[in-house]
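Biologist: Please take a close look at one part of this structure for me, the place where helices pack against each other, and then tell me which charged pairs and neighbouring features go with that picture.

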Amino acid sequence: MEPLTWGEIFLRVMQQLMPVWIALIVVFAPSLAFKRRLGLYGKLFDSTIGMIGFALVMFWVFAGVLGGPLDMIVTHDPLSQISGMKNKPPGTALRRPDEGQYAYFLLGGDNLARDVFSRVIKGAWIVVQIAPLATLFAFMVGITLGLPAGYYGGRLDTVLSFLANLILAFPVILLFYLLVTPEIVLTGIPNYMALFLFIFPLVFATILLNSRYHTQPKLRTPLLACVIGVLGWLYLSLVSTGGAVVATPGYRIPGLPGAIDLFDIDPGILVVFVSVVFVNSPTVFRIVRGLAMDIKTRDYVSAAQTRGEGPWYIMLWEILPNARGPLIVDFCLRIGYTTILLGTLGFFGLGLASESPDWGTTINSGRQLLRAYVHPAVVPAVALMTMVLGLNLLADGLREESLRD
Amino acid sequence: MLLTALCLTFIVFWLTNLYPNLEKLAKTQGNFRMSDEAVASYLDKNGYLEPMPVKFGQWLGVLPGWVKEVDGELRGKCFDTLTPEAEHATFCGVLQNDWGFSTVFKSDVSAIVAERLGLTGKLMFFVMLVMVPMALIVGVLAGMREGSKLDRSLSTFSIASTATPEYVSGVIFIAVFASSAGWKIFNGSATSAMEDANFVNFTLPVVTIALYGMGYIARMTRASMTEVMTAQYIRTARLKGVSFGNIVLKHALRNALIAPFTVIMLQFPWLLNGVVIVETLFNYKGFGWVLVQAAGNNDIELLLAVSVVSVIVVLVTQLISDIGYVYLNPRIRIS
């Protein structure tokens, strides 16, 4: 068969992405119609830049979700190699397509004869899974430590700030090279870090609810029991793999038995996740600490103190809600930064398996032949760029809209 | 500051000296099919199996280096088998200005680091030369009339440039300017730039690093410029009838540049990341490339020297930015 022309490639890509367009329309139409009643989210649709950013982000989110677990958009299996398609330019037809197989490599083949288009879509799913979740964990750590550091000040603040600055003074890449290696995985250090870092959401939720409802024990006790039960179970399934929390050749610490373990995380993914959270949380800590120091001098904080509220109530129910604007903006920016970090890890071939379709790894494998074959590296590069750009524009739009009132 | 540096080097030391890492080192130095006993005896012979704080003290030069008798031969950290016994030093560590021996490059660490730092210094010099003026111009132009068309487009440009990490822009630049599919104007590899840097082989790496750092500085400049432009004395100048160009250049600019100075200094550690990526991508064998080689092969002493240097860069730039801030801002200096 003849290879496709650029116009045909464009049309066919658009056609493959049809579910994404439909999902985007489904999100945008009601949001635009009811934007006056949707608070900050609705105001986003007043600024063009914010809207473009939101569209870019949602495009990749839908592409990731629909293409990843739902398997809709992709044309080929991202890992299977098809003979004769090595480094072929975009739009090349398959030599002998089987029954029901998509007859073209829409964006060409890579150096192992895999479909670039399908890999980019599958790669979006990896990013969409890891980046927001890692950022959320980093925020939990940063908020839980940053609020008391800013509110109490004193020695606690000195110690925590010293630790945060210590991590920040490390060049990120050096840290990754030291932490994200198979040898370090063998020592079990990532598991210990996971044990430490993943406990923070649990601690955060417990303190949050307890500080609010501790005056109503009838409501508080069952509520806390439920929350700690569910989050604790999630936490234990998160940190334990194959029935052990830490399993090294020398010793093992038993964890949740396999029967009630909800999910196992691949050690390669775990170490990537943990180190990304680890790198991000000191910056969040510094932001939250600064905000807390600023807000604790306000009148409503003194009012709460005079009422006799406990320090954690003031931190979590008076200071935190009033710091939400800058935090939401930073959350968007930080997801973008996390995406860049994930790409960096992939680019240096750290952590994720070398056949993994995530964007960084694909760029890394594509760059060896970059001077001869451009498309295997450029397609994921553009994907990563548009996603991070979308997040940055979204953050910019949110900042502008939240400053306006 | 000294405490931070000490803590950081100890963390690096600890991570590189974990047993699986040492095992890998032994296997790359010996051969990959070594048995566990052979690995242990190799490590023991070379003094890797002593307790961690002792080894760290030896590396620092506050504890005497290890001396061992192996097969009737005296071996030690501070001498090799050829040095006569009389010249055996007891202490050899960083404090004695002995940075150790690189197992990957088979030469002295201090020599390697000095040579590679020179190459990276050259790269950084040109990056600064491109990045700083461009960023300031973009920021000042965008900030002098807030909300104008020029401001909007330049701001979007700086957002886009911060959203493009080096490995993305580098790949795109190579694809467009140095591949068979695009124009072949520049070289996609900067290896030849190590000896003789010219426009053709050095442009792409410099522009790649500069672009990522530029957006952030430009945004900071814009923010401080818009703030200055709404100040009272600018309004007074306008009412006096000073022309707009004169207001921007003579009244606003100096005050608007205080904040970006701090940002530019704090940008150095960030640039270090960019340097590692770009040197890998363009195969420019500088400091960042050495970091990758040292870390990839668990070359302990080289890696320690590299991290000491980068930590010093980070801490010194923080110090300079604090001092410079005071120096540039007369309000702080006088009070």
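Modeller: Angles under 35 degrees count as roughly parallel, over 145 as roughly antiparallel and 65 to 115 as roughly perpendicular, while the rest are called oblique. Please keep in mind throughout that this is a predicted model.

I begin with helix 7 of chain B and helix 8 of chain B, whose axes cross at roughly 140° and come within 9 Å. Because this angle falls in none of the named ranges, helix 7 of chain B and helix 8 of chain B are oblique to each other. The crossing in which helix 7 of chain B passes helix 8 of chain B is right-handed.

Helix 7 of chain B, which spans residues 166-177, also packs with helix 16 of chain A, residues 375-404, at an angle of about 135° and with the axes 9 Å apart. These two helices, helix 16 of chain A and helix 7 of chain B, are therefore oblique to each other as well, but their crossing is left-handed.

Helix 16 of chain A comes up again in a charged pair, for the side chains of Asp396(A) and Arg219(B) meet in a salt bridge with an N to O distance of 3.3 Å. This pair crosses between chains, running from Asp396(A) in helix 16 of chain A to Arg219(B) in helix 8 of chain B, residues 199-229. Asp396(A) counts as buried because its relative accessibility is 14%, whereas Arg219(B), at 22%, counts as partly exposed.

Helix 8 of chain B takes part in a further salt bridge, in which the closest N and O atoms of Asp151(B) and Arg222(B) are 2.7 Å apart. Asp151(B) lies in helix 6 of chain B, residues 149-162, and Arg222(B) in helix 8 of chain B, so the pair ties together parts that are 71 residues apart in sequence. With a relative accessible area of 3%, Asp151(B) is buried, while Arg222(B) is partly exposed at 22%.

Elsewhere, salt bridges that share partners join Lys35(A), Arg36(A) and Asp46(A) into one network. Arg298(A) and Asp294(A) also meet through their side chains in a salt bridge, at 3.5 Å from N to O; here Arg298(A) is partly exposed, with 35% relative accessibility, and Asp294(A) is likewise classed as partly exposed, at 41%. Over all chains, the count comes to 12 salt bridges.

For contrast with these charged pairs, chain A carries a nonpolar patch on the surface, formed by Val230(A), Trp233(A), Leu234(A), Ile260(A), Leu262(A) and Phe263(A), which together have about 530 Å² of accessible area. Among them, Leu234(A) is found in helix 10 of chain A, residues 217-239, and is partly exposed at 37% relative accessibility.

Two loop residues of chain A deserve a look at their backbone. Most residues other than glycine have a negative phi. Asn87(A), however, has a phi near 55°, and this residue lies in the loop between helix 4 (48-67) and strand 1 (92-93) of chain A. Ala113(A) has a positive phi of about 65° although it is not a glycine, and its place is the loop between strand 2 (104-105) and helix 5 (116-152) of chain A. Asn87(A) counts as buried at 9% relative accessibility, and Ala113(A) also counts as buried at 9%.

Definitions and conventions
Residues are numbered from 1 along each chain as its sequence is written. Chains are lettered from A and ligands numbered from 1 in the order in which they are written. This is a predicted model: local features need pLDDT of at least 70, side-chain atom pairs count only at pLDDT 80 or more; totals for chains, interfaces and linings use all residues. Side-chain values use heavy atoms; hydrogens and water are left out. Patches are made of residues with over 30% relative accessible area and no salt bridge: like charges are joined within 9 Å, nonpolar side chains (Val, Leu, Ile, Met, Phe, Trp, Tyr) within 5 Å. Accessible areas come from the Shrake-Rupley method with a 1.4 Å probe; for residues, only the protein chains shown count as cover. A salt bridge is a side-chain nitrogen of Lys or Arg within 4 Å of a carboxyl oxygen of Asp or Glu. Helices (H or I, at least four residues) and strands (E, at least two) are DSSP runs, numbered from the N terminus. Buried means under 20% relative accessible area, exposed over 50%, partly exposed in between (1.4 Å probe, protein chains only). Axes are lines fitted to C-alpha atoms, for helices over the stretch in contact, and angles run from 0 to 180 degrees between N-to-C directions. A crossing is left-handed if the near helix is turned anticlockwise from the far one by less than a right angle, and right-handed if clockwise.
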